[in-house]
Amino acid sequence: AIRTAGFAPSDTGTLLMIFEARKNIGGFSTRGRRYVLSMESMGSRLGGGQDSRAQVNLFNSNTGGLLNKGRGTTTIITPSTYEIDVTIEDRNSGKTLWKSWASTKLRNKVGIEYTRQMIPKIVDTIGKTVRQENFSLH
C-alpha cells in the first residue's frame with residue numbers, strides 16, 4: 001500500500017513510519033449471581049503431592065455452568081475493538097510530523113485481516129487532516 005501510494009520505503013530514510021496495532025476488550029455485564037463449587041486438596045501427608053485448588057460453576061439456571069447451558073445472560077456494554085495507530089516522525093529530531101488512527105468493532109476476523117483492509121485507507125490520507133471518516137471493511 002505504501003509503494004502503491006507513491007512512497008519509497010527505505011531503512012535509511014529521513015522519516016520513520018511507525019505502525020501499532022492492538023485489540024481492546026470491551027465491557028460486559030451478567031445477570032444475577034454465579035454459583036461456584038470450590039474444591040481444594042492438600043499435598044499428601046508423605047510429602048509426595050502438591051496442593052491444588054479448583055473453582056467450577058457446575059450448574060446454574062440463570063448463567064449456565066459445566067452441566068447446563070443457562071439462559072445466555074451476558075450483555076455486551078462496550079464492544080471490543082481493533083485499532084491501528086500510524087505515526088510519521090522525523091528520524092533526526094524525533095518530532096511527530098503526522099499521526100493517524102483507525103478502529104473497528106471486533107467481529108469474526110483475525111487482526112491481520114483488519115490490518116490489510118485498514119492500512120491502505122490510512123496510507124491514502126498521509127499528510128491530510130481527516131476527522132471521523134467512515135470506510136467499509138467489507
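In which helix is Gly 111 found? Gly 111 belongs to helix α1, and this account leads from the overall fold to that helix and its surroundings.

The model is a predicted one, in which local features need pLDDT of at least 70, side-chain atom pairs count only at pLDDT 80 or more, and totals for chains, interfaces and linings use all residues. Residues are numbered from 1 along each chain as its sequence is written, and side-chain values use heavy atoms, with hydrogens and water left out.

The protein contains one helix and seven strands, where helices (H or I, at least four residues) and strands (E, at least two) are DSSP runs numbered from the N terminus. Along the sequence these elements follow the pattern β-β-β-β-β-β-β-α. Of the 138 residues, 20% count as buried; buried means under 20% relative accessible area, exposed over 50%, and partly exposed in between, with a 1.4 Å probe and protein chains only. Among contacts (heavy atoms within 4.5 Å) between residues at least 6 apart in sequence, 51% join residues at least 24 apart.

The helix may be taken next. The 14 residues of α1 should span 20 Å at 1.5 Å a residue, and the end C-alpha atoms are 20 Å apart, which agrees; the expected span is 1.5 Å times one less than the number of residues. A kink of about 30° lies at Met 118, shortly before the proline Pro 120. The bend at a residue is the angle between axes fitted to the seven residues ending there and the seven starting there.

Which residues of α1 are buried? They are Gly 111, Tyr 114, Thr 115, Met 118, Ile 119, Ile 122 and Val 123. An α-helix has 3.6 residues a turn, so residues three or four places apart point the same way. The cover over the buried residues of α1 includes β1 (15-24), β6 and β7.

The helix also takes part in the largest nonpolar core, which has 13 residues. Such a core is a set of buried Ala, Val, Leu, Ile, Met, Phe, Trp, Tyr and Cys residues joined through side-chain atoms within 4.5 Å. Ile 84, Trp 98, Met 118 and Ile 122 have the most contacts inside this core. Two or more residues come from each of β6 (81-90), β7 (96-105) and α1 (111-124), and α1 gives the most, with five residues. Apart from its neighbours within four places in sequence, Ile 122 is in contact with Ile 84, Val 86, Trp 98, Ser 100 and Ala 102.

Gly 111, with a relative accessible area of 14%, is buried. Leaving aside neighbours within four places in sequence, Gly 111 is in contact with Lys 23 and Tyr 82. The C-alpha atoms of Gly 111 and Ala 21 are separated by 8.2 Å, although these residues are 90 apart along the chain.

Two of the strands that cover the helix pair with each other: β6 and β7 run in the antiparallel sense over nine bridges, two strands being paired if DSSP finds at least two bridges between them. Within this pairing, Glu 83 has Ser 103 in β7 as its bridge partner. The hairpin of β6 and β7 has five residues between the strands, and Gly 94 there takes a positive phi near 80°.

Strand β6 is also linked to β1 through charged side chains. The count of salt bridges comes to two, a salt bridge being a side-chain nitrogen of Lys or Arg within 4 Å of a carboxyl oxygen of Asp or Glu. In one of them, the side chains of Glu 83 and Arg 22 meet at 3.1 Å, N to O. Glu 83 lies in strand β6 and Arg 22 in strand β1, so this pair ties together parts that are 61 residues apart in sequence. Asp 85 forms a salt bridge with Arg 22 as well, the closest N and O atoms being 2.8 Å apart. This second pair likewise links strand β6 to strand β1, across 63 residues. Arg 22, Glu 83 and Asp 85 are thereby joined into one network by salt bridges that share partners. Glu 83 counts as buried at 17% relative accessibility, and Asp 85 counts as buried at 15%, whereas Arg 22 counts as partly exposed at 33%.

Pro 79 lies in the loop between β5 (75-78) and β6. Its relative accessible area is 35%, so Pro 79 is partly exposed. Pro 79 and Leu 106 are 27 residues apart in sequence and 7.4 Å apart in space, C-alpha to C-alpha. Neighbours within four places in sequence aside, Pro 79 is in contact with Gly 26 and Lys 105.
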